[in-house]
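Subject: A structure for you to look at

Hello,

Here is the structure I promised to pass on to you. Please open it next to this email, and I will walk you through what turned up.

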Amino acid sequence: MTGPDKNKLFPNERIKTICYLKNLPPKTNVEIGEYTYYSDNKNPPEKFYDNIEHHYEFLGDKLIIGRFCAIAEGIKFIMNGANHKMDGIQPKTRGQVHCFALDKTSDLSSCLSS
């Protein structure tokens with residue numbers, strides 16, 4: 001008995017909603033292991049990369065997905081590019097009290113006690 005061909009896009013040519021991601025056109029900052037598959041009933045397989053958000057090559061991030069993974073429709077990968085500057089004003093919430101940190105070393109103990 002033989003299994004699906006890992007070098008084909010579709011493990012079963014009759015089911016076009018499930019594909020092996022490794023066989024999509026490659027991206028330099030995405031690495032996908034063998035036999036990892038993706039299922040999507042709404043979009044073609046090539047749209048998989050649209051599920052990787054805030055993934056900018058200039059940051060040097062790389063998304064690595066291992067072998068034998070099953071990825072469902074609707075998944076979103078939020079990459080490091082979604083982070084915001086950490087040394088500016090940031091809201092901190094505890095209960096109904098809103099505090100603002102001016103930098104990473106600000107003392108928020110008075111806000112945290114409420």
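A word on vocabulary before the pattern: helices (H or I, at least four residues) and strands (E, at least two) are DSSP runs, numbered from the N terminus. With that in hand, the protein chain reads β-β-β-β-β-β-β-β-β-α along its sequence. In other words, the secondary structure amounts to nine strands and one helix. Please keep in mind that this is a predicted model.

**The chain as a whole**

The protein chain has 114 residues, of which 26% count as buried. Its exposed surface is about 8200 Å², and carbon and sulfur atoms supply 54% of that area. If you take the contacts between residues at least 6 apart in sequence, 44% of them join residues at least 24 apart.

**A sheet to find**

Now look for β1, β3 and β6. These three strands form an open sheet in the order β1-β3-β6, with mixed pairing. At its edges are β1 (18-20) and β6 (70-71), each of which pairs on one side only. Between β1 and β3 the pairing is antiparallel and runs over three bridges. To see how the strands face each other, start at Ile18, which stands opposite Ser39 in β3.

**The nonpolar core**

Which residues touch the most other members of the largest nonpolar core? They are Leu21, Phe48 and Ile52, in a core of 16 residues. Two of the strands, β2 (30-32) and β5 (63-65), each supply at least two residues of this core. As background, nonpolar side chains tend to be buried together in soluble globular proteins.

Ile52 is a good residue to click on. It lies in strand β4. Is Ile52 buried or exposed? Its relative accessible area is 11%, and buried means under 20%, so Ile52 counts as buried. Leaving aside neighbours within four places in sequence, Ile52 is in contact with Val30, Leu63, Phe77 and Met79. Take Val30 from that list: Ile52 and Val30 are 22 residues apart in sequence, and their C-alpha atoms are 9.4 Å apart in space.

**The aromatic rings**

Phe48 comes back when you look at the rings. The count of aromatic pairs comes to six. One of them is Tyr38 with Phe48, an edge-to-face pair with 4.9 Å from centre to centre and 65 degrees between the planes. This pair links distant parts of the chain, 10 residues apart: Tyr38 is in strand β3 (residues 37-39), while Phe48 is in the loop between β3 and β4 (52-53). Tyr38 is buried, with a relative accessible area of 1%, and Phe48 is buried too, at 0%.

Phe48 also pairs with Phe77. Why is the pair of Phe48 and Phe77 called edge-to-face? The ring centres are 6.1 Å apart and the planes meet at 70 degrees; planes over 60 degrees apart count as edge-to-face, so this pair does as well. Because Phe48 lies in the loop between β3 and β4 and Phe77 in strand β7 (residues 77-78), the pair ties together parts that are 29 residues apart in sequence. Both Phe48 and Phe77 are buried.

Put these rings together with one more and you have a group: Tyr38, Phe48, Tyr49 and Phe77 form one aromatic cluster. Tyr49 has a charged partner as well, since the charged end of Lys27 sits over the ring of Tyr49, 5.0 Å from its centre.

**Two backbone angles to check**

Finally, two loop residues are worth a look. His54 has a positive phi of about 60 degrees although it is not a glycine. This residue lies in the loop between β4 and β5, and His54 counts as partly exposed at 33% relative accessibility.

The other one is Phe68, also not a glycine, with a positive phi near 60 degrees. You will find Phe68 in the loop between β5 and β6. Is Phe68 buried or exposed? Its relative accessibility is 57%, and the cut-off for exposed is over 50%, so Phe68 counts as exposed.

Enjoy exploring, and write back with any questions.

Best wishes

Notes. Residues are numbered from 1 along each chain as its sequence is written. This is a predicted model: local features need pLDDT of at least 70, side-chain atom pairs count only at pLDDT 80 or more; totals for chains, interfaces and linings use all residues. Side-chain values use heavy atoms; hydrogens and water are left out. A nonpolar core is a set of buried Ala, Val, Leu, Ile, Met, Phe, Trp, Tyr and Cys residues joined through side-chain atoms within 4.5 Å. Buried means under 20% relative accessible area, exposed over 50%, partly exposed in between (1.4 Å probe, protein chains only). Contact means heavy atoms within 4.5 Å. Rings of Phe, Tyr and Trp (its six-membered ring) pair if their centres lie within 6.5 Å; planes under 30 degrees apart count as stacked, over 60 as edge-to-face and the rest as tilted. A charge sits over a ring if NZ of Lys or CZ of Arg is within 6 Å of the ring centre and within 35 degrees of the ring normal. Accessible areas come from the Shrake-Rupley method with a 1.4 Å probe; for residues, only the protein chains shown count as cover. Two strands pair if DSSP finds at least two bridges between them.
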